[in-house]
Amino acid sequence: MGQVKEITSLANPVVKDLRALASKKMRDRAGLFLAEGLKLVIHALDLGWKIRTLVFSKTCSENVLIENTAARTIAVGGLVVKTSYKVMATITHRDNPQTVIGAFEKNWYNQEKADFRRSKLFLGLDRIRNPGNLGTIIRTADAAGVSSIILIGRTTEPFSLASVRATMGSIFAVQLYRMSEKKFIDWKRYFPGLVIGTHLSGAVDYRAIDYGNEPLILLMGNEQHGLSENLVAVCDRLARIPQAGQADSLNLAVATGIMLYELRRNNLKIDKRSA
């Protein structure tokens with residue numbers, strides 16, 4: 001395998017730079033984030049994401065898929081690094097790292113170019129704080145066929161190690177937008193459909209709402225405080241998920257999954273060939 005750099009030292013600048021991507025400040029500065037696992041890296045490349053560095057363990061250097069992935073990385077000007085399991089653990093900040101890591105360029109979408117004809121359902125997330133919740137929500141949205149996700153206000157970053165792991169590769173399949181609350185409210189004025197918000201004061205059972213055939217924005221709020229008052233004010237409908245047990249609330253990712261699958265009910269069909 002040609003044009004591969006072998007690194008064994010934890011003090012190597014490449015290793016230090018990759019390890020530093022655990023910090024949001026460094027991710028913002030470099031414009032990069034890490035994804036772990038050969039399957040995820042190949043998936044990202046297939047979807048057109050730009051890889052800057054590919055790192056793989058020396059224990060799997062004869063793997064044909066890794067060789068092909070390395071060739072693809074080199075072809076787009078990326079760096080390919082072969083290293084030890086110990087260095088891989090240092091880069092990923094965990095004891096049981098994957099044998100392949102990719103450093104990719106972040107990809108935020110411009111809200112001014114949002115295509116309301118292509119995306120009939122947008123998911124808006126208000127000030128989500130938990131990286132695992134955000135990653136799980138991204139994965140669930142992808143599974144439900146929702147490709148456009150808007151992060152509103154001080155929402156945790158989707159490109160953190162924890163969030164990317166929780167997406168299980170769906171981070172590469174969705175369009176991510178970020179807006180301040182004010183910018184979202186201004187942008188919403190041009191949205192040609194309904195805004196649905198989940199809220200404790202929402203008197204309407206989510207199953208009883210007529211969502212029609214218009215484009216929709218589903219707004220889900222902060223884990224502790226729900227939607228802000230300003231966002232509640234721009235909703236056309238407020239929905240509530242009924243509960244029967246002793247729990248005082250649902251996990252945000254679970255609640256988002258319930259709502260998304262209700263909104264997508266008529267669009268999801270089981271493929272009998274794969275059933």
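**Cores, ring pairs and pockets in a predicted model**

In the largest nonpolar core, which holds 51 residues, the members that touch the most other members are Phe-104, Leu-123, Leu-125, Ile-149, Leu-218 and Met-259. Helix 10 gives the most to this core, contributing six residues. I should state at the outset that the structure is a predicted model. As general background, nonpolar side chains in soluble globular proteins tend to be buried together.

Let me take Leu-218 from that list. Neighbours within four places in sequence aside, Leu-218 is in contact with Leu-121, Phe-122, Leu-123, Gly-124, Ile-196, Thr-198, Met-259, Leu-260 and Leu-263. Among these partners, Leu-121, Phe-122, Leu-123 and Gly-124 fall in strand 6, residues 121-126, while Met-259 and Leu-260 fall in helix 10, residues 252-263. There is also a second, separate core, made of 18 residues, and Ile-150, Met-179, Leu-227 and Cys-235 are included in it.

I turn now to the aromatic residues. Over the whole structure, the search returns 13 aromatic pairs. One of them joins Phe-33 and Phe-104: the ring centres are 6.3 Å apart and the planes meet at 35°, so the pair is classed as tilted. Which parts of the chain does this pair tie together? Phe-33 belongs to strand 2, residues 32-36, and Phe-104 to strand 5, residues 100-105, so the pair links parts 71 residues apart in sequence. Phe-33 is buried, its relative accessible area being 0%, and Phe-104 is buried with a value of 0%. Both rings also belong to a cluster, linked by ring pairs, that takes in Phe-33, Trp-49, Phe-104, Trp-108, Phe-159 and Phe-172.

Next, the pockets. The largest has a volume of about 600 Å³. Its lining comprises 23 residues, and Leu-200, Glu-223, Gly-226, Ser-249 and Leu-250 are the closest to its centre. Strand 12, residues 237-240, and helix 10, residues 252-263, are the elements that give two or more residues to this lining. Helix 10 was named earlier as the element that gives the most to the largest nonpolar core. By class, the lining of the largest pocket has nine nonpolar, 11 polar and three charged residues.

The second largest pocket has a volume of about 450 Å³. Of its 20 lining residues, Gly-212, Leu-216, Leu-263, Arg-264 and Asn-267 lie nearest the centre. Leu-263 has already appeared as a contact of Leu-218. How does the lining of this second pocket divide by class? There are six nonpolar, seven polar and seven charged residues.

I finish with three loop residues. His-93, which is not a glycine, has a positive phi of about 60°. His-93 sits in the loop between helix 5, residues 85-92, and strand 5, and is partly exposed at a relative accessible area of 38%. Arg-127 is likewise not a glycine and has a positive phi of about 55°. The loop that holds Arg-127 runs between strand 6 and helix 6, residues 131-143, and Arg-127 is partly exposed at 25% relative accessible area.

The third residue is Ser-160, in the loop between strand 7, residues 148-152, and helix 7, residues 161-167. Is Ser-160 buried or exposed? Its relative accessibility is 12%, and buried means under 20%, so Ser-160 counts as buried. The C-alpha atoms of Ser-160 and Ala-22 are separated by 6.7 Å, although the two residues are 138 residues apart along the chain. Beyond its neighbours within four places in sequence, Ser-160 is in contact with Arg-27 and Pro-131.

Notes. Residues numbered from 1 in each chain as written. Predicted model: local features only at pLDDT ≥ 70, side-chain atom pairs only at ≥ 80, totals over all residues. Heavy atoms only, no water. Phe/Tyr/Trp six-rings, centres within 6.5 Å; stacked < 30°, edge-to-face > 60°. Helix = DSSP H or I, 4+ residues; strand = E, 2+ residues; numbered from the N terminus. Buried < 20%, exposed > 50% of the residue type's maximum accessible area, 1.4 Å probe, protein only. 1 Å grid on protein atoms, 1.4 Å probe; cavity = no way out; pocket = protein on both sides within 12 Å on 5 of 7 lines; lining within 4 Å. Points joined across faces, edges and corners; volume = space filled by probe spheres on them. Nonpolar A, V, L, I, M, F, W, Y, C, P; charged D, E, K, R; others polar. Core = buried A, V, L, I, M, F, W, Y, C linked by side-chain atoms within 4.5 Å. Contact = heavy atoms within 4.5 Å.
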